[in-house]
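User: I am new to this structure and would like a close look at a single part, the interface between the two chains. Please add a little on the surroundings as well.

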Amino acid sequence: MSMPAPAHGAAVAHAPESFWSRYVFSTDHKVIGLQYMFTGMAMALIGGFMAYVFRMQLAFPGQSVPLYGLVTAREYNALITNHGSIMIFWVSMPVLIAGLGNFLIPLMIGCDDMVFPRLNRLSYQIFFVSVVIILISLVVPGGGFGGAWTAYPPLSASAHYNHTPWGAPLWLLAVALEFVAFLLGGINFTVTVMNARAPGMTAMRIPIVVWMIVIASLVFMGSVGPLIAGAVMLFLDQTVGTQFFDPKAGGDPLLWQHLFWFFGHPEVYVVLLPATGVVAEVLTVFARKKLFAYKTILGTAIATGIISFFVWAHHQFVAGIDPRMAHLFTITTLLISIPVAEMLFAFIATLYGGSIEFATPMLWALAFIAEFLIGGVTGIFLGANATDIYLHDTYFVVAHFHYTFFPIAIIGTFAAITYWFPKMFGRRMSETLGKIHFWGTVIPFNLIFIPLFLTGVAGQHRRIYSYENFPQLSTPWLNHLAVIATVALIVMLAFQVVFLVNFFWSMRHGEEVGANPWNANTLEWAAPSPPPHGNFVTMPAVYRGPYEYGVPDRDLDYWPQHVPNQEELPRA
Amino acid sequence: MLEWLIPAASTSADEIDWLFAVIFYTVGVWFVVAQGIFFGLIFKFRRRPGVRSLYVAGETKDEKRWISWPHYAVIACDVVLIAGAIAVWRDVKQVIPPPDETIRVIAQQWAWTFVHPGPDRQLDTPDDVVTVNELHVRNGTTYEFELTSQDVVHSFSIPVFRLKQDAVPGRMIKGWFRPTKTGTFDIACAEMCGLGHALMPAALHIESAEEHAAWLGEHTAVAAAAAGSRS
């Protein structure tokens, strides 16, 4: 870690040689970041396939699904449960926090690695074990856990109710291990950013995405403790028959709901913040603009993180809590719209006076803002306790949720991958394929979830295997909407092939690029592409903030953070 | 505006639909204005040869008002919406008006049991009518319900009433509704409750006073006969 600025190439000489030590048991933050990213992408394929299977069942109930077969109610429940769990815990978290955090933090703050490299390796190894366990849980006798990703007891607590004697405890064990992995990662991120910044990298010169990942890590660490305690109790309920959550023995099912959502809602912001950070980086580079109101954005992120601890019971308005409590949580929930809206306003204001280039990463970043706005405004219907009575657990919630999480986990991730790909692999991705993939993803995405807003408002509940038994809620009109959503999903999934081809082809055959192909300011672009073990040839020092684009009286419209004031710049 | 998609059949439904419309138009204006400005800026400041970007830090008060004024407007809208939400919630969930009748709703894996008071309008008397997956109510009558669960968490959902309440084992949760329209509608379980979660539909029959009396008459005869044969 903080060895005195290594001489030219010294760190490179220490790079591990063998395949195993270099790619599998590496302690290099970049390798670990890519391990997280590739694992997350593989899990996304599994989660996407699950969505395909259960959407086919919803559109064409009772018919055999191509590449899968007939979907039973048991399988349907397992598919929706694990789709949600995998997409949140094994895709969003590893890609956005662990993947980006590991890859970017040392490069962007200007150091050679995380301060706890072996802790970092342990974090990925625990995460990997959790991946193996969640995959095993899908094929054990009784099938995968089917009690929804929220795992409300007593259903989740006893095989007598859920009929998944192996699936439920394995699911819970996997989730708990995943939390441990991210706790270790979060400690590492926070300590690294506090202690290992390059000279001159003051707090207000740290790129927003790094701030966002640190705030997200702190929010995660603050909120996950109660859920780990809850998970231990639930695991004991499942395996040795303690009855923490069973009212027949004096337990309380609502206790789990509070512990779960005390973590579960901050978790939304844990993944939102890094995605907004990515958007901030990409917007500034491709609009050639200084970020509008850096300190305000930072303040909104901190405010969001703090308020996110006080909104959890808005998931429980109709769960049997004291009705008066719902008022408090309505107030906090609508209050959290204020900093999030202000952050988006600042992003939109950043575009003013820009010179906007519609490169693929920029398209993703702009799409994030446009789509997330829909997720934001529909959240108001659910945060208001009275309308939530009706909309709770309907497809409206599903659609709202995906209008927040899809921009975060998919659009934000694609913005990040297309933007940092040249740094990761030293080559460019194809712009043509990138744009085909962009439109082939964003248009179908809207056609999936706008219909679900309508079916939700029309009264259809989520998690129902088949609507055939509900005469009023399975009208031809609603069935058409279900078919539209499903067809759009298939189209969107098909377009992901374009991305995979582009990604793997460009890794080997893309146009080679230098250190700074986008003419960006932040420190990672001062390192070679791809950065060697130890990152920087000469450890950088920092002379200014990260967003000095379009500075008047300069020839170049950018001014990298590591370039000394006097040195550079042939002035006009 | 919710009635475009699903009938409203209770007093609570009218109030919730009103709040839904208020929120819809408020956030609708925000949405259109924000997207309009957003796409307008994208179009206006697209890259053109020879045109450099401006240097705007957004740190001075003068610049910041571009985000601080919308910020105050968001706060104002939030206050209005919070007030509306609290007012409607208070009527729908918090304050139960004096009921004309009380019914009992029992959820279990995977069926609903309904205990209707008989013609005497009192529960726990011999003329009570117990049904499975079938709820009969009289239009224009204020009902209180007592909701319990035998096993796991279920959720008692009647979309046309805009009514939803989780049934939690070990607790008896009270709520109310007052139907305003006759007809037959769906009741569903809205909380994942296991393999048969989709198999918990029940029929809600909202009847006129005469129809309801006739139905009760039919069933109390049966109930009384059954009670007689037991004793």
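Analyst: What follows describes the interface, then a sheet and one residue.

This is a predicted model, in which local features need pLDDT of at least 70 and side-chain atom pairs count only at pLDDT 80 or more, while totals for chains, interfaces and linings use all residues. Residues are numbered from 1 along each chain as its sequence is written, chains are lettered from A in the order in which they are written, and side-chain values use heavy atoms, with hydrogens and water left out.

At the interface, 101 residues of chain A are in contact with 83 residues of chain B (contact means heavy atoms within 4.5 Å). About 7,900 Å² is buried between chain A and chain B, and carbon and sulfur atoms give 69% of that area. Buried area here is the accessible area, taken with a 1.4 Å probe, that two parts lose on being put together, summed over both. A:Ile389, A:Tyr390 and A:Gln472 supply 9% of the area that chain A buries against chain B, more than any other three residues.

Three salt bridges are found across the interface of chain A and chain B, a salt bridge being a side-chain nitrogen of Lys or Arg within 4 Å of a carboxyl oxygen of Asp or Glu. B:Glu191 forms a salt bridge with A:Arg463, with the closest N and O atoms 3.9 Å apart. There are also 29 residue pairs in polar contact across the interface of chain A and chain B, both residues at pLDDT 80 or more. A polar contact is a pair of N or O atoms within 3.5 Å; within protein, one must be able to donate a hydrogen and the other to accept it, and residues adjacent in sequence count only if both atoms are side-chain atoms.

Several helices of chain A each supply at least two residues of the side that touches chain B, among them α4 (73-109), α9 (253-287) and α15 (431-457). Helices are DSSP runs of H or I with at least four residues, strands are runs of E with at least two, and both are numbered from the N terminus. With 17 residues, α11(A) gives the most to the side of chain A that touches chain B.

Next, the sheet. In chain B, five strands form an open, mixed sheet in the order β4-β10-β9-β6-β7; two strands pair if DSSP finds at least two bridges between them. The edge strands, β4 (134-138) and β7 (163-167) of chain B, each pair on one side only. β4(B) pairs with β10 (residues 202-207) of chain B in the parallel sense over five bridges. B:His205 in β10(B) is the bridge partner of B:His136.

Last, one residue. A:Asn162 lies in helix α6 (residues 159-162) of chain A. A:Asn162 counts as buried because its relative accessibility is 9%, where buried means under 20% relative accessible area, exposed over 50% and partly exposed in between, with a 1.4 Å probe and protein chains only. The side chain of A:Asn162 reaches the backbone oxygen of A:Ser156 at 3.4 Å.
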